[in-house]
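User: I should like to go through this structure and ask, point by point, what justifies the terms applied to it.

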Amino acid sequence: MIETGRYLLGAAGASGFGSKSTAEEVTENCDLRSITAIITGATSGIGAETARVLARRGARLIFPARNVKAAEEAKEKIVSEFPETEIVLMKLDLSSIASVRSFVSGFESLDLPLNLLINNAGKLAHEHAISEDGIEMTFATNYLGHFLLTNLLLKKMIQTAEETGVQGRIVNVTSGIHGWFTGDLIEYLRLISQPKCQFDATRAYALSKLANVLHTKELSSRLQKIEANVTVNCVHPGVVRTRLTRDREGLLTDLVFFLASKLVKTVPQAAATTCYVATNPRLVNVSGKYFTDCNETTPSGLGSDSSEATKLWAASEILVTQPSKAGFDPCS
């Protein structure tokens with residue numbers, strides 16, 4: 001009850017920020033003119049606001065996008081506000097292992113540094129679908145594509161940190177919904193990666209978001225073991241206002257949405273935690289943590305399980321190196 005009250009009031013936590021803080025506010029004193037950042041899902045919503053604010057602070061941006069036209073429009077919008085911003089557009093479909101590899105190859109050919117990777121893109125597939133690599137689509141897009149993307153970019157990030165002395169940062173955007181998932185991760189993924197299955201879109205989404213949390217935990221451990229000057233943390237942006245209310249009418253529905261509106265965030269507020277974790281100097285050497293409302297907190301019990309994180313990593317390595325279009329099999 002106390003935490004809910006603090007959330008509704010937007011009370012600041014230990015960081016000095018809270019649920020009502022905006023992305024611009026948490027980056028107010030940041031100079032990012034020496035920073036190159038890759039942001040997935042930067043064409044709309046939280047990703048677009050994150051990109052806009054980082055551009056405002058001077059960062060060079062790389063936009064990987066499945067929809068190049070949408071990326072061009074997002075770029076034009078930012079450049080119209082901040083004309084000196086350098087933005088590079090590149091094709092990427094996170095649900096495709098081949099596309100991720102092609103993107104990284106293309107990025108490496110640009111010979112640019114890489115200080116910041118924000119794995120923001122996500123989807124909730126209401127209809128059951130399987131990727132070209134035989135993986136359930138929500139998991140393939142939200143987690144597995146980012147897992148491979150991050151692994152392939154690590155060498156560049158470590159190199160950039162060594163050459164510049166500026167610590168690299170990876171931010172995985174997850175969701176509090178990760179705590180809704182219970183059970184065996186690998187077995188459930190195997191089940192929903194079959195052509196015919198009992199598909200629960202919300203549970204599949206929760207699984208993918210839990211995977212983001214576990215990825216953060218395991219990657220942080222591995223980076224620390226090799227003494228890389230790169231950190232990784234994950235963030236829950238909060239519930240964001242959408243256009244859903246425009247499709248509903250009636251006094252009761254209006255009342256429900258009015259009450260619910262007190263619990264959800266604007267897009268600038270939702271982008272705040274990502275921007276805080278990506279840029280704030282207080283977080284130097286902070287790694288493997290989970291943040292919400294710009295403050296460190298604790299993920300679910302399953303999201304805190306090191307053995308689950310290690311198990312998921314091992315399965316993920318198999319999936320990205322031996323994709324099976326016939327279906328999911330991490331033990332093949």
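User: Which residues is Cys 294 in contact with, leaving aside its neighbours within four places in sequence?

Analyst: In this predicted model, those contacts of Cys 294 are Ser 15, Phe 17, Val 26, Ala 272, Thr 273 and Tyr 276. The word contact applies because heavy atoms of the residues come within 4.5 Å. Cys 294 itself belongs to the loop between S7 and strand S8 (295–297).

User: Why is Cys 294 called buried?

Analyst: The relative accessibility of Cys 294 is 1%, and the term buried requires a value under 20%. Cys 294 therefore counts as buried.

User: How many residues along the chain lie between the positions of Cys 294 and His 236, and what separation do their C-alpha atoms have?

Analyst: Cys 294 and His 236 are 58 residues apart along the chain, and their C-alpha atoms are separated by 9.2 Å. His 236 belongs to S6, where it is one of the buried residues on one side of the strand.

User: What makes strand S6 (residues 230–236) largely enclosed?

Analyst: Because 7 of its 7 residues are buried, S6 is largely enclosed by the rest of the structure. Both of its faces are covered: one side carries Val 230, Val 232, Cys 234 and His 236, the other Thr 231, Asn 233 and Val 235, and all are buried.

User: How do you know that S6 pairs with strand S5 (residues 168–173), and what joins S6 to strand S7 (residues 290–292)?

Analyst: Pairing calls for at least two bridges between the strands. S5 and S6 have 6 bridges, in the parallel sense, while S6 and S7 are joined by 3 bridges and also run parallel. Each pair therefore satisfies the criterion of at least two. Cys 234 appears in both pairings: it is the bridge partner of Asn 172, and it stands opposite Tyr 290 in S7.

User: Is Thr 274 buried or exposed, and which residues does it touch beyond its neighbours within four places in sequence?

Analyst: Thr 274, found in helix H11 (residues 272–279), has 1% relative accessibility and therefore counts as buried. Its contacts outside that window are Thr 50, Ile 118, Val 171, Val 173 and Val 235. Val 235 is among the buried residues of S6.

User: What makes strand S2 (residues 60–65) and strand S3 (residues 87–91) a pair, and what is the hand of the crossover between them?

Analyst: The two strands are joined by 5 bridges and run parallel; since at least two are required, they pair. One of the bridges sets Pro 64 against Met 90 in S3. From S2 the chain passes through helix H4 (residues 68–81) to S3, a β-α-β crossover that is right-handed.

User: How many cavities are there of 30 Å³ or more, and what lines the largest?

Analyst: There are 2 cavities of 30 Å³ or more, and the largest has a volume of about 50 Å³. Its lining includes Leu 94, Ile 97, Asp 133, Ile 135 and Leu 148. Helix H6 (residues 137–164) supplies the largest share of that lining, 4 residues. By class, the lining has 6 nonpolar, 4 polar and 1 charged residues.

User: What share of the whole chain is buried, and how many helices and strands does it have?

Analyst: Buried residues make up 52% of the 332 residues, and the chain has 12 helices and 8 strands. Of the contacts between residues at least 6 apart in sequence, 77% join residues at least 24 apart.

How values were computed: Residues are numbered from 1 along each chain as its sequence is written. This is a predicted model: local features need pLDDT of at least 70, side-chain atom pairs count only at pLDDT 80 or more; totals for chains, interfaces and linings use all residues. Side-chain values use heavy atoms; hydrogens and water are left out. A crossover is right-handed if, with the strands pointing away from the viewer, the path from the first strand over the helix to the second runs clockwise. On a 1 Å grid over the protein atoms alone, a cavity is a set of points where a 1.4 Å probe fits but cannot get out, and a pocket is an open set with protein on both sides within 12 Å along at least five of seven lines; lining residues have an atom within 4 Å of a point. Grid points are joined across faces, edges and corners, and a volume is the space filled by probe spheres set on the points. Ala, Val, Leu, Ile, Met, Phe, Trp, Tyr, Cys and Pro count as nonpolar, Asp, Glu, Lys and Arg as charged, and the others, Gly among them, as polar. Buried means under 20% relative accessible area, exposed over 50%, partly exposed in between (1.4 Å probe, protein chains only).
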